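Please open the model in your viewer and keep the selection tool at hand. The stops below are given in the order in which to select them.

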Amino acid sequence: MQGEHSDSDLETEKMSVPSDSNSAVSVSVPIAPATLDLEKSISRETRGSRHGTALDRTITSAYDWTGPDDPDDPLNWTLGSKIYHTVIPGLQAFVVTFGSSVYTPSKYASFMRSQAIC
Amino acid sequence: MSFTAALLPLTVYVLGLGFGPTISAPISENWGRRAVYVWFFLPSLLFTMGAGFSNTFAGLVICRFLAGMVGSGTLAVGAGTNSDLWAPIHRAVASSVFLMAPFLGPALGPTIGGYVAMKKDWRWTQWLILFWGVLAYAITLPQKETYKRIILERRAKRLNIQGPPSLVPPGVNKLKFILVVTIARPLRMLFTESIVAFFSIYTAFNFSVLFGFFAAFPIVFRSPYPEIQIYHFNTGEAGLVFLGIGIGVVLGTLIAIAIDQLIYRKKTLEKQAQGDFTPLLPEERLYAAMLGSCLLPIGLFWFAWSSRADVHWIVPILGTIPFGIGNFLVFCACVLYLVDTYGALYGASAAAANGLLRYALGAVFPLFTVQM
């Protein structure tokens with residue numbers, strides 16, 4: 001259960017990162033907490049330079065992600081890698097459900113054959 | 001062999017699909033999601049091969065049931081993989097594309113299977129699954145683990161430090177806990193949670209109408225009873241009829257993405273602009289279902305009233321497009337709504353309940369469609 005909580009916390013943190021919303025934030029929110037902005041800019045920077053620094057950094061915790069920029073977190077993978085891992089369940093689900101109905105047309109053929117025998 | 005018995009290899013496969021979460025949850029909990037994709041898909045293909053080689057009807061039915069049951073594991077972990085990879089604001093697009101697959105599969109099956117069955121025989125429909133399956137399996141193999149807890153556990157082992165907290169409360173039997181989440185709790189939610197109950201009944205009914213089409217289309221377009229047949233198609237052409245639903249599913253995916261971008265994403269950004277970073281209410285996911293629920297009866301009445309010999313055959317087929325769109329939109333909104341409402345863990349149980357009822361009803365509906 002604890003794992004679930006930290007998971008959703010992480011997600012709400014992530015939600016504050018979309019880059020196209022930043023301009024809107026700075027215009028309309030005079031009371032926006034400073035820590036949030038700081039966090040945002042940090043995670044954006046490390047995202048950009050992920051390949052250079054984040055991998056070299058020593059990882060000290062396996063209890064949770066070391067931060068929003070943890071390189072092992074699938075949320076921080078490259079877009080191509082994310083798409084590849086999204087395609088896999090799609091492909092398998094297609095094959096499995098394709099298998100459900102691909103058989104149907106042939107049952108009429110076998111049905112007619114058995115009628116002919118009778 | 002009676003007409004109903006001839007449908008058995010279809011229905012047992014669909015019934016097997018309903019067991020998905022029950023068998024894949026323990027595996028993905030212990031060994032991660034990759035294990036499910038790698039070790040469930042392969043035996044499913046082997047059972048499909050067994051079905052293709054079987055010489056008795058009983059052997060065929062058993063192999064088809066096991067192929068469906070083992071193959072369903074991959075259906076159940078897909079949603080989890082999605083939430084591993086995408087933050088909530090981007091998730092709807094990814095899950096729309098992912099959910100398109102299990103809807104497109106049943107629609108395209110007869111389209112290709114019809115010609116295969118006509119030119120070759122039914123065994124070749126099984127070889128066709130194998131062909132796609134081997135291709136998909138080759139693409140699957142190089143993937144990495146996406147499940148957070150498993151990644152952290154491996155890191156803990158590698159660095160010899162403390163691992164992540166277990167999902168299973170201490171002192172509770174692990175297997176028992178998983179059985180509660182995948183069977184006992186879904187069944188309880190199905191009877192005690194009105195959201196789960198009504199949403200499941202609704203999507204299960206839509207799904208069973210979809211599978212009812214597998215038995216109903218041949219009556220309209222190509223029937224073993226020539227006296228009630230309306231249009232005279234051959235086996236291959238009768239399979240092409242399902243393209244209407246396939247087009248509906250693809251359109252439904254595009255509409256679901258558009259609704260998400262125009263409403264959900266926009267509202268989220270507006271809310272964040274006001275300094276509020278909590279997710280939107282789950283009800284905001286339901287706009288797609290509102291549209292879909294209107295399209296479903298339109299499509300069904302259209303199909304039923306226009307299936308007459310004096311009306312051109314394209315008219316009833318066009319009627320299945322709104323049905324395909326509506327079915328997809330309602331289901332898509334339902335899945336997102338359940339997960340948003342119940343959170344990750346209870347949401348998984350709610351989705352399991354939904355899948356169980358959906359495939360159980362979908363399995364039995366074709367059996368009495370012809371009699372209706």
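Select B:Tyr287 and show its surroundings. Leaving out residues up to four places away in sequence, B:Tyr287 touches B:Ile259 and B:Ile263; two residues are in contact if their C-beta atoms, placed from the backbone, lie within 7 Å. B:Tyr287 sits in helix H14 (residues 287–306) of chain B. Helices here are DSSP runs of H or I with at least four residues, strands are runs of E with at least two, and both are numbered from the N terminus. B:Tyr287 counts as partly exposed because it has 17 C-beta neighbours inside 10 Å. A residue is buried if 20 or more other C-beta atoms lie within 10 Å of its own, exposed if 12 or fewer, and partly exposed in between, with C-beta atoms placed from the backbone. Add B:Val330: it is 43 residues from B:Tyr287 along the chain, and the two C-alpha atoms are separated by 9.2 Å.

Before going further, note that this is a predicted model, in which local features need pLDDT of at least 70, side-chain atom pairs count only at pLDDT 80 or more, and totals for chains, interfaces and linings use all residues. Residues are numbered from 1 along each chain as its sequence is written, while chains are lettered from A and ligands numbered from 1 in the order in which they are written.

Stay on helix H14 of chain B and move to B:Ile298, which is also found there. B:Ile298 is partly exposed, because 14 other C-beta atoms lie within 10 Å. Now select B:Phe323 as well: its C-alpha is 7.4 Å from that of B:Ile298, with the two positions 25 residues apart along the chain.

Next, select residues 174–192 of chain B, which form helix H10. H10(B) has 19 residues and reaches 25 Å from its first C-alpha to its last, close to the 27 Å expected at 1.5 Å a residue; the expected span is 1.5 Å times one less than the number of residues. Where is the kink in H10(B) centred? It is centred on B:Val180 and amounts to about 45°, the bend at a residue being the angle between axes fitted to the seven residues ending there and the seven starting there. Colour the buried residues of H10(B): B:Ile178, B:Val181, B:Thr182, B:Pro186 and B:Met189.

For a second helix, select residues 57–85 of chain B, helix H6. H6(B) has 29 residues and spans 43 Å between its first and last C-alpha, close to the expected 42 Å. H6(B) bends by about 35° at B:Val77. Is H6(B) mostly covered or mostly open? It is mostly covered, with 24 of its 29 residues buried.

From H6(B), go to B:Thr146, in the loop between helix H8 (122–140) and helix H9 (148–159) of chain B. B:Thr146 counts as buried because it has 26 C-beta neighbours inside 10 Å. B:Thr146 and B:Thr81 are 65 residues apart in sequence but 6.4 Å apart in space, C-alpha to C-alpha. Not counting residues up to four places away in sequence, B:Thr146 touches A:Pro74 and A:His85 in chain A, and B:Arg33, B:Thr81, B:Asp84 and B:Leu85 in chain B.

Now colour chain B by domain: domain 1 is 1–85 and domain 2 is 87–141 + 184–364, with bounds from an automatic or database domain assignment. Their C-alpha centres lie 19 Å apart. Across the boundary, 25 residues of domain 1 of chain B are in contact with 28 residues of domain 2 of chain B. On the domain 1 side, the elements giving two or more residues are H2 (8–17), H3 (20–31), H4 (33–39), H5 (41–53) and H6 of chain B. H5(B) gives the most, with 7 residues. By class, this side has 17 nonpolar, 8 polar and no charged residues. Ala, Val, Leu, Ile, Met, Phe, Trp, Tyr, Cys and Pro count as nonpolar, Asp, Glu, Lys and Arg as charged, and the others, Gly among them, as polar.

Finally, colour by pLDDT, the predictor's confidence in each residue, from 0 to 100. The mean for chain B is 81, and 92% of its residues reach 70 or more. Chain A, which has 6 helices and 0 strands, averages 57, and 34% of its residues score at least 70. Among the elements of chain A, helix H2 (residues 22–28) has the lowest mean pLDDT, 36, and helix H5 (residues 79–101) the highest, 86. Over residues 1–56 of chain A the pLDDT stays under 50. Where pLDDT is low, the predicted coordinates should not be read in detail.
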